[in-house]
Amino acid sequence: MNLPSLKFGTVSGTLLSSAPNIASDDIVRTIILAAVDAIVSFGVSYLLRSAIRRRK
């Protein structure tokens, strides 16, 4: 049995079976939240790095 082929088939089958149940506004909301999360994460990391450098 070809294991990578089985994994690919399982993942693609799962995604294709759940795709019709996802509304387009959910996808847009997810993209926006991911972008906001990335920006906040970068900002917090930058501020913490700056605070640590000042303490040294």
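Buried means under 20% relative accessible area, exposed means over 50%, and partly exposed is what lies in between (1.4 Å probe, protein chains only). Keep that scale in mind for Val 36, which is partly exposed at a relative accessible area of 44%.

A quick word on what you're looking at: this is a predicted model, where local features need pLDDT of at least 70, side-chain atom pairs count only at pLDDT 80 or more, and totals for chains, interfaces and linings use all residues. Residues are numbered from 1 along each chain as its sequence is written, and side-chain values use heavy atoms, with hydrogens and water left out.

Val 36 sits in helix H2, which covers residues 24-55; helices here are DSSP runs of H or I with at least four residues, numbered from the N terminus. Val 36 also joins Val 28, Ile 32, Val 40, Val 44 and Leu 48 in a nonpolar surface patch of about 520 Å². To make such a patch, residues need over 30% relative accessible area and no salt bridge, with nonpolar side chains (Val, Leu, Ile, Met, Phe, Trp, Tyr) joined within 5 Å.

Helix H2 also has Arg 29 and Asp 26, three residues apart, or about one turn. Their side chains meet in a salt bridge at 3.4 Å, N to O; the term asks for a side-chain nitrogen of Lys or Arg within 4 Å of a carboxyl oxygen of Asp or Glu. The structure holds just this one salt bridge. Arg 29 is partly exposed at 46%, and Asp 26 is partly exposed at 30%.

Now over to helix H1 (residues 3-18), home of Phe 8. Phe 8 is exposed, with a relative accessible area of 62%. From Phe 8 to Arg 54 it's 46 residues in sequence and 49 Å in space, C-alpha to C-alpha.

Methods. Helix = DSSP H or I, 4+ residues; strand = E, 2+ residues; numbered from the N terminus. Patch = residues over 30% accessible without salt bridge, like charges linked within 9 Å, V, L, I, M, F, W, Y side chains within 5 Å. Areas by Shrake-Rupley, 256 points an atom, 1.4 Å probe, with all protein chains shown as cover.
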